[in-house]
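Student: I would like to learn how to read a structure feature by feature. Where should we start?

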Amino acid sequence: MPSPGTTESPLLRSILEELPIGVWVARAPGGEFEYANRAFGEILGMDARDDVRVGGYAPVYHIEDRAGRPFPEDQLPFVQALQRRETVVVDGIVIAREDGTRVPVRAFGKPLFDGAGVVTHVVIAFRDVSAEVEAEAARVVATHKLQTALQHAPIILFTADVEGVVTVSEGAGLKAMGRVSGELVGQSIREVFKDRPQVSRTYDRALAGESFTSVIDLGNVVLESWLSPLRGPDGAIGGVIGVSTDVTDRLRMQRQMNQAEGLAALGRLAASVAHEINNPLAYAIEALRLADEQIARDGGAVGSRLEELLREARDGMERVRLITGDLKAFSRADEDARRPQDLGRALAAATKMVATRTGPRARIDLQHGPPATVHADGTRLAQIFVNLVLNAADALPPDGAARNVISIVSRLDGATAVVEVSDNGAGVPAELRDRVFDPFFTTKPIGEGTGLGLFVTRNLVGALGGTIALDDAPGGGARFTIRLPTVATPPAPVTQELPVAAPALRTRARVLIVDDEPQLARLFRASLAADYDVQVFTGGRAALAHMLESPPYDLVLCDLMMADVSGKDVFEELRRQRPGLEGRLVFMTGGVFDPQVADFLAAIPNECIDKPFDVRAEVRRRLPP
C-alpha cells in the first residue's frame with residue numbers, strides 16, 4: 001500500500017497516471033516497491049514488480065547501458081539518490097524490452113525525508129529520450145562528415161570577428177598555404193596577409209554586408225572564396241564567414257588549355273608561313289647550288305669575295321630551311337607518314353645536314369651502336385637529331401672549334417633504342433631544366449633563336465612513343481637522352497617493274513616534274529638535265545593528261561597542293577585509268593597539310609618529301625644516273 005505523503009491522494013494519483021513520464025516509488029533503504037504509474041509500464045514494456053529489491057533492479061527490468069551491458073547497480077538513480085541525499089540525474093540508461101526494442105531513458109532520483117531527516121522513500125522519474133539520442137547521433141554523424149570533408153577536401157572554412165581576428169580556421173586546404181587547422185585562430189587577417197591587400201579588401205566588402213565570390217592569389221596557392229557577413233540574433237554584423245576552395249590546379253590546367261589553344265592558332269599560322277616560304281626557299285637554294293656548279297665549271301674564275309658571299313647566302317638559306325622545318329613540325333606534329341626507319345641512317349643524315357653549321361664550331365663524334373629500326377617518319381626522325389645537334393652547337397663557344405665536341409652515341413636497351421647527344425659546354429643551370437622544352441623559351445640573344453627547337457623535339461619524340469630527358473654529361477656540359485621503341489627490321493621490298501608496251505631503248509631515265517611554282521620547276525629541270533630526260537609541267541591537270549597518254553616515266557615528282565588539281569587527284573586518276581602508274585609518284589610539299597591529306601599519305605606507300613630538298617640527291621637515290 002502507498003505510504004502517507006506519497007500516492008494516497010486520489011488527485012495526485014490521477015495526475016501521476018496521466019503523466020507521459022514514468023514514475024516509480026520505492027521505500028528506503030531496501031527498495032521495496034511502493035508505486036508505479038501507467039507510463040512506467042509503457043516505457044519498460046512490463047509492469048512493476050513488488051518482489052524486487054535494491055541490487056536486483058538491472059536483471060529484472062532489463063536495464064542496460066548503451067553498449068548493451070547490464071547497468072551497474074550502484075549507478076542507478078535509487079542508489080545514487082539514497083547515498084547522496086539529493087536529487088540526481090542519470091544518463092546512458094537503456095531499457096531492453098522483451099519485444100526486442102531498446103528505449104534510451106534519462107532518470108531522475110529524488111529522496112523523500114521524514115521530520116527527523118531520515119530518507120523514507122526515493123521517487124524515480126524517467127522519460128524516453130529516443131528522439132534526443134537519435135538527434136545527437138545524427139549530429140555526431142554530421143559532425144564527423146564535416147570533419148572528414150574538412151580534413152580531406154581542398155577547402156578552408158573560416159570565420160573572423162569585426163576586427164579581422166580569426167575565430168575558426170579549419171580544412172585540408174590550409175595545407176597548401178603551409179598551415180594546419182586551427183593555426184590561424186587568434187591572428188589578424190590583416191596582419192597575416194598584409195602583403196596581399198586583396199585579402200583585406202574582400203574582407204571589408206563582406207563586413208559591409210555583401211555576399212560574393214572572389215578569386216584570391218596568395219602566391220603559392222590560389223583560392224576561390226565565398227564570403228558573407230556573419231550576423232547575430234539581432235541581425236547586427238559581428239564578423240565574416242567564408243569557405244575557400246583551392247583552385248590552383250584548376251587554374252593551372254585552364255592556363256595550359258588557353259596556351260594550347262593559342263599554340264594551335266599559332267601552329268596554323270606557322271604552317272601557312274612555312275608553306276609560303278618553302279617554295280621560294282627551295283628555288284633559292286637550288287639556284288645557289290647551280291651557281292656553285294657554274295663557278296666550278298668556270299674554274300673558279302670569280303673573285304673570292306663573290307664566293308664568300310655565295311657561301312654566306314647558302315648558310316643563310318640553310319638556317320631558314322631548318323627554321324621552317326621546326327615551324328612545320330610545330331604546326332602538324334602528329335601528321336606524318338611512318339614507316340620502319342634505320343636509326344643509324346637517320347643519325348648519319350642528321351649530322352650531314354648540319355655539317356656546314358657545326359663544322360666551324362665543333363667536332364661531331366658519332367658512335368653507332370647495334371642496328372636498330374624504329375617506326376617513324378624519316379624526315380621527322382632526322383629532325384629530332386638535327387635540332388639536338390644544333391642546340392648543342394649553339395651552346396658551345398664560337399672560338400673553341402678545336403676543343404668543342406658534340407658526342408652522339410646510340411645503343412640498345414632491350415627493345416628500346418637509346419641515343420645520347422651531349423656536348424662539353426657549360427651545361428644547363430638546374431633552375432632552367434624544367435623550362436627548356438617550353439615553347440618559345442630560349443636563352444639565346446634576340447634574333448638568334450626561335451625557342452621552338454627543343455619544344456618541337458620533345459613533341460616529335462613523344463609522338464613516336466618515346467621520351468627525352470636532360471641531365472649533365474659525364475665530362476660536363478648538357479646531355480639529352482632519347483629513348484625510342486624499336487620494331488622488327490622489315491624484309492627488303494621486292495620491286496615489281498611496271499610493264500611498258502614501248503621498247504625501252506633509251507640511255508637515260510625519264511623524270512617528270514609537276515609543280516605550279518614555275519621558278520622551282522625550271523631550276524629542278526636545270527639541276528637534273530645533265531643526267532636525266534626531264535619534262536616539266538606547272539599545272540596538275542595538264543600533267544595528268546600527259547601521263548595518261550605518254551609512255552610511263554621512271555619517276556614523277558608531284559606537288560601535293562596545286563591551284564588546279566591536287567597531287568591526291570592526280571594519284572587517284574592514275575590509279576583508276578592506268579593502274580600501277582601511280583606507284584611512280586613521289587610527292588613534294590611546302591608544308592600545308594590538312595587531315596584529309598594526312599590520311600591520304602598514311603594510306604598509300606608513296607613517299608612525300610618536304611621542301612626545300614636537294615632534288616639531285618633525292619632523284620639519284622631512286623634513279624642512279
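The dialogue below goes from the whole chain to its cores, its surface and its charged pairs.

Student: What kind of model is this, and what does the secondary structure of the protein chain come to?

Tutor: This is a predicted model. The protein chain has 18 helices and 23 strands.

Student: How many of the residues are buried, as a percentage?

Tutor: Buried here means under 20% relative accessible area. By that cut-off, 42% of the 625 residues in the protein chain are buried. The accessible surface comes to about 32100 Å², and carbon and sulfur atoms hold 55% of it.

Student: What share of the contacts joins residues 24 or more positions apart?

Tutor: Take the contacts with a separation of 6 or more; 57% of them are between residues 24 or more positions apart.

Student: Now the interior. Which residues touch the most other members of the largest nonpolar core?

Tutor: A nonpolar core is a set of buried nonpolar residues joined through side-chain atoms. The largest one in this model has 39 residues, and Leu381 and Phe385 touch the most other members. At least two residues of this core come from each of several elements, including helix H10 (343-353), strand E14 (373-376), helix H12 (378-395) and helix H13 (453-463). Strands E15 (405-413), E16 (416-423), E17 (467-472) and E18 (478-485) also supply at least two residues each. H12 gives the most, with nine residues.

Student: What does leucine 381 touch, leaving out residues up to four places away in sequence?

Tutor: With those left out, leucine 381 touches Gln341, Ala346, Val374, Ala376, Leu464 and Leu484. Another core lies apart from the largest one; it has 29 residues, among them Leu76, Val79, Val88 and Phe126.

Student: Which residues form a nonpolar patch on the surface?

Tutor: Leu11, Ile15, Leu19 and Ile21 do, with about 340 Å² of accessible area together. Leucine 19 sits in the loop between helix H1 (10-18) and strand E1 (22-27). A residue needs over 30% relative accessible area to enter a patch, and leucine 19 is partly exposed at 31%.

Student: Turning to charge, how many salt bridges are there?

Tutor: Side chains of opposite charge can pair when their charged atoms come close. The cut-off is 4 Å between nitrogen and oxygen, and the count comes to 26 salt bridges.

Student: Is the pair of glutamate 191 and lysine 194 buried or exposed?

Tutor: The closest N and O atoms of glutamate 191 and lysine 194 are 3.3 Å apart. Glutamate 191 counts as partly exposed at 48% relative accessibility, and lysine 194 counts as exposed at 62%.

Student: What about arginine 411 and glutamate 420: where does each stand on the scale from buried to exposed?

Tutor: These two also form a salt bridge, with the closest N and O atoms 3.3 Å apart. Arginine 411 is partly exposed, with a relative accessible area of 35%, whereas glutamate 420 is buried, at 17%.

Student: Which parts does the pair of aspartate 531 and arginine 620 tie together?

Tutor: Their side chains meet in a salt bridge at 3.1 Å, N to O. Aspartate 531 lies in the loop between helix H14 (518-528) and strand E20 (533-537), and arginine 620 lies in helix H18 (residues 615-622), so the pair ties together parts that are 89 residues apart in sequence. Aspartate 531 is partly exposed at 22%, and arginine 620 is partly exposed at 38%.

Student: Which residues are linked in a network of salt bridges?

Tutor: Asp91, Arg106, Arg127 and Glu132 are linked in this way.

Notes
Residues numbered from 1 in each chain as written. Predicted model: local features only at pLDDT ≥ 70, side-chain atom pairs only at ≥ 80, totals over all residues. Heavy atoms only, no water. Helix = DSSP H or I, 4+ residues; strand = E, 2+ residues; numbered from the N terminus. Buried < 20%, exposed > 50% of the residue type's maximum accessible area, 1.4 Å probe, protein only. Contact = heavy atoms within 4.5 Å. Areas by Shrake-Rupley, 256 points an atom, 1.4 Å probe, with all protein chains shown as cover. Core = buried A, V, L, I, M, F, W, Y, C linked by side-chain atoms within 4.5 Å. Patch = residues over 30% accessible without salt bridge, like charges linked within 9 Å, V, L, I, M, F, W, Y side chains within 5 Å.
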